[in-house]
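Here are some notes to read alongside the model, written for someone meeting it for the first time. Please keep the structure open while going through the points.

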Amino acid sequence: MDVLVRDAQPDDHEMLAELFLDARRAAFHWFDPESFQLADFASQTIDERIWVAEDEHGRLVGFLSLYEPESFVHHLFVAPDIQRRGIGRKLLEVANRSARRPMSLKVLEQNVDARMFYTSLGWTTTGHGADELGPYLVFTQPQSDSK
């Protein structure tokens, strides 16, 4: 799928909040869907750089938020109806150009699809832990893809 990846603009935030809500409810099916709210996007992306993937019709179909000081991918979500078309990979490629060191991220252990996605890109598990959402794995980008 052909998408344009660009920096998010303030007028994107309403659509991004809806995308974030829909994508998390689909990805985290083991949680009560009401535990996710539209306001979560704004509160969870403070001080992060956000890139959006926009399709040929101007629809925002994905986004990545990066906490740049640590090259930490906080969120990467693609609209549930068009996943597995290279959008997540493209967002990671663009973010990597700004990362100062190998990027890392956390994936909930129960999120098997995300774990398989990052593993297929050569990312490796470099740690683990738990937070309010449950146990997670830390993935780190392969050295050959990073700065």
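Is helix 3 (residues 87-96) largely enclosed by the rest of the structure or largely open, and why?

1. The model discussed here is a predicted one. In it, seven of the 10 residues of helix 3 are buried, so this helix is largely enclosed by the rest of the structure. The buried residues in question are Ile87, Gly88, Leu91, Leu92, Val94, Ala95 and Asn96.

2. As for what does the enclosing, the cover over these buried residues includes strand 1 (4-7), strand 2 (49-54), strand 3 (60-67) and strand 4 (72-78), together with helix 4 (112-120).

3. Leu92 of helix 3 also appears in the largest nonpolar core, a set of 44 residues in which Leu16, Phe63, Leu64, Leu92 and Tyr118 have the most contacts. Among the elements that give two or more residues to this core are helix 1 (13-27), strand 5 (104-108) and strand 7 (134-140), and the largest share, six residues, comes from helix 1. In soluble globular proteins, nonpolar side chains tend to be buried together.

4. Tyrosine 118 deserves a separate look: when its neighbours within four places in sequence are left aside, it is in contact with Leu76, Leu92, Leu105, Val107, Trp123 and Phe139.

5. Aspartate 40, which is found in helix 2 (residues 40-44), has a relative accessible area of 15%, and it counts as buried because that value is under 20%. A polar atom of its side chain lies 2.8 Å from the backbone nitrogen of glutamine 37. Leaving aside neighbours within four places in sequence, aspartate 40 is in contact with Phe20, Arg24 and Ser35.

Note on methods:
Residues numbered from 1 in each chain as written. Predicted model: local features only at pLDDT ≥ 70, side-chain atom pairs only at ≥ 80, totals over all residues. Heavy atoms only, no water. Buried < 20%, exposed > 50% of the residue type's maximum accessible area, 1.4 Å probe, protein only. Helix = DSSP H or I, 4+ residues; strand = E, 2+ residues; numbered from the N terminus. Contact = heavy atoms within 4.5 Å. Core = buried A, V, L, I, M, F, W, Y, C linked by side-chain atoms within 4.5 Å. Polar contact = N/O pair within 3.5 Å; in protein donor to acceptor, adjacent residues only side chain to side chain.
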